[in-house]
Each structure stands twice: as structure tokens, then as C-alpha cells.
Amino acid sequence: MHLLFILTFTAALLASLPVSAQPAPKPVHQLRIQLIITANDEEVPDATQAILFKDYVEAIRPVYSPIGVELLFDPATDARAIASNNLNNDFPVRDGQTIRLPNAENPHHKSRQAIADQTPNRIVVFLRNGACCGKGFGAANFGTIQAPYLVLMGPLQKMPPRPGPSTTANIAAHELGHYFGLSHTFGHYALEPEDLVKFIQSRPGNPSDAEIYALFDGDRLADTPPDPGATLFEKMHGLKPYQCGPQETIEIAVPIGNKTKTYTFKPDRLNIMSYFFRCPQLPQRRLSTQQGKIIRDHLEKGARRHLLAANRKP
């Protein structure tokens, strides 16, 4: 009787607490990151980058912890430094031309694959030294569901003393989303208002408003609104590149026949899978409920289930 009273009282007390005061749910999955700090053959990798990387992991953890994923990283035990042209670059060069090869033929991918295979239960992140160097070319951060690793451009800089993660930390969180199977929130990415108008006008037939908005919905998830792209917001609100003002919507008037239709877009600018991650002025980024389910599905029964293999009981 006393035990029943205590349990009932405790449940009632928790229910009466404001959401912010209630105990946070325990993470569903704890995932450890393995950092590979690279440089070209003739260079010395900067092993101190692991200490800076720890700060970046702490900055992106709040993006993933609400959906049941806790990221773990210890710079003392979870980092390696390797000098290798293949690891530090992306595409081979033949006769002075960059050659984009599929993974099966790309020596850079093969070298990274071999390293990633050594720690199959970890998220393997290659941190390049520089964007363009050595025998190949690497000019972008990337994560894909097809590769068992992520690639980030270095060297990292000390986290800026301001609230919220830096643009570089947001990039890491964004690429991690691709690694977990997420698509961009945007569909057709318009660079200018005229581009968006012409794109809508060129649609065949007589598409409904819903069909038009669907063209700007990159991931087709119900809880991530249509997104025409961060660049269009910059242009229409007179902002500098990589700047985000307080404006949350844009309206586009599209002449169609003898009528003009107005389309209003209000994307989720805080969603980490949009390109608004480039704006350091915005607060903490997030993932939607449906995006969280996609990530957990990839971990539990999809392409990333290898990350949980070590935690499964026989």
C-alpha cells in the first residue's frame, strides 16, 4: 500500500512539473566518434586538432540528443593522426585534370574505407588539412549514406566566444545528418527571385498549389516545410551572403497567364538539414521528429546498424 502511494505520488509530481524541469529522457543510442586527422605525405598532421574537435562535438550534441542519439568523443583515446595523400584528398588528378571517379575506383575512398573498417562500431570522421593540396583535390565537406565515414575540411579554429555553435560546427552536424540518411529540406534551390518565378512558370500542365510547394520540399517529410533555399532569402531581404535577418518568410508573385499567384514560403530555418546552417546569428539548430525516426531506423535496421553491433547481446 505504501509503495503504491509512493509511486502514484511520484508520477503525479513529475506530471505537475513544467516540461523544462522534468528529467530528460535517457539517450536511446550512444555513438562514439573516431577522428582521423590527416595531412599529405610530406606533412605532419596536427594532432592538437583533436582537442578543438572535442568542442565541436559538444556544440552539435544538442542537435542529436533530443532524437535519442548521444555523441561521444575523447580526444585522448578517440583520435589518430595519419599522413597520407590518399586520405587527405578526394579526387585523383590525371594530366592536370581532376577526375571524379565512383567509389569503386577512387583510391581516396578505398583508403578511407580501409581505415573505417578498423572501427566498424564508430562514426569515423576524417579531418583534412586544407581544402586543396597534394596529389588530389578536396574542396567540400561531405557525408553520404553510401560511405562509412564523413569528411570535414580543416584545420579547425577555436570555437568563437558567442552563444550557439559556429558555422563549422553546424556543417559537421549537417554532414552527420547525411551520413545518417537525411536529405536536404530544400528541393529546387533558387539563387534569384527570377529563377524561382521561371521555374514555377515552366511546370507543365496546371499544377496545384500543393504540387508547386512539393517541388521545394527536398525530403518530402510532413514536419519539414517547403524550403526555396537560404540564398533566396539573402537576395530578397537585401542581406549579405551567410547572413540571416529576423525575416522568417518570403512571398513570390508569379504571373501565370493573365493572373498572378503569390506563393509564401516559411521554411524551418533552424533545421540543420537546410542551408540556413551557414547563418551564425540563428540559435541552436534542430532535427524534426520524422528526421529523428529516419536516423533511428538507419541505426537499428539500416545502413548504420554496424554502429550498434558492439552493444548488442548475443
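How many aromatic pairs does the count come to in this predicted model? The count comes to 13 aromatic pairs, and the legends below begin with two of them.

**Figure 1. Edge-to-face pairing of tyrosine 179 with phenylalanine 180.** The ring centres of tyrosine 179 and phenylalanine 180 lie 5.3 Å apart with their planes at 70°, and the pair is therefore edge-to-face, as the angle is over 60 degrees. Both tyrosine 179 and phenylalanine 180 are buried. A second edge-to-face pair is formed by phenylalanine 186 and tyrosine 189, with 4.8 Å from centre to centre and 65° between the planes. Phenylalanine 186 has a relative accessible area of 10%, and because this value is under 20%, the residue is buried.

**Figure 2. A cluster of aromatic rings.** Phe199, Tyr213, Phe216, Tyr263 and Phe265 are linked into a cluster by ring pairs.

**Figure 3. Arginine side chains over aromatic rings.** Over the ring of tyrosine 179 sits the charged end of arginine 304, 3.7 Å from the ring centre. Arginine 112 lies over the face of phenylalanine 126, and here the distance from the ring centre is 5.8 Å.

**Figure 4. The largest nonpolar core, with 39 residues.** In soluble globular proteins, nonpolar side chains tend to be buried together. Within the largest nonpolar core, the residues that touch the most other members are Phe53, Tyr64, Leu71, Ile123, Phe180, Leu287 and Ile295. Two or more residues come from each of β1, α2 (49-64), β2 (69-72), β6 (123-129), β9 (149-154), α5 (167-179) and α9 (289-301). The most is given by α2, which supplies eight residues. Around phenylalanine 180, leaving aside neighbours within four places in sequence, the contacts are Leu31, Tyr64, Ile123, Ile145, Ile294, Ile295, His298, Leu299, Arg304 and Leu307. Apart from the largest core lies another core, of 22 residues, including Phe216, Phe233, Tyr263 and Leu282.

**Figure 5. The largest cavity and its lining.** Two cavities of 30 Å³ or more are found in a search of the whole structure. The largest cavity has a volume of about 110 Å³. Its lining consists of Ile33, Phe53, Tyr56, Val57, Ile60, Ile123, Val125, Leu150, Leu152, Leu156, Ala172 and Leu176. At least two lining residues are supplied by each of α2, β6, β9 and α5. With four residues, α2 gives the most to this lining. Phe53 and Ile123 appear in the lining and are also among the residues that touch the most other members of the largest nonpolar core.

**Figure 6. The surroundings of histidine 29 in strand β1.** Strand β1 spans residues 29-39 and includes histidine 29. The relative accessibility of histidine 29 is 12%, so the residue counts as buried. Not counting residues up to four places away in sequence, histidine 29 touches Gly68, Val69, Glu70, Leu299, Glu300 and Leu308. Leu299 is also a contact of phenylalanine 180.

**Figure 7. The protein chain as the setting of the close-up views.** Nine helices and 11 strands are present in the protein chain. Of its 314 residues, 44% count as buried. Among contacts between residues at least 6 apart in sequence, 69% join residues at least 24 apart.

Methods. Residues are numbered from 1 along each chain as its sequence is written. This is a predicted model: local features need pLDDT of at least 70, side-chain atom pairs count only at pLDDT 80 or more; totals for chains, interfaces and linings use all residues. Side-chain values use heavy atoms; hydrogens and water are left out. Buried means under 20% relative accessible area, exposed over 50%, partly exposed in between (1.4 Å probe, protein chains only). Contact means heavy atoms within 4.5 Å. Rings of Phe, Tyr and Trp (its six-membered ring) pair if their centres lie within 6.5 Å; planes under 30 degrees apart count as stacked, over 60 as edge-to-face and the rest as tilted. A charge sits over a ring if NZ of Lys or CZ of Arg is within 6 Å of the ring centre and within 35 degrees of the ring normal. A nonpolar core is a set of buried Ala, Val, Leu, Ile, Met, Phe, Trp, Tyr and Cys residues joined through side-chain atoms within 4.5 Å. On a 1 Å grid over the protein atoms alone, a cavity is a set of points where a 1.4 Å probe fits but cannot get out, and a pocket is an open set with protein on both sides within 12 Å along at least five of seven lines; lining residues have an atom within 4 Å of a point. Grid points are joined across faces, edges and corners, and a volume is the space filled by probe spheres set on the points.
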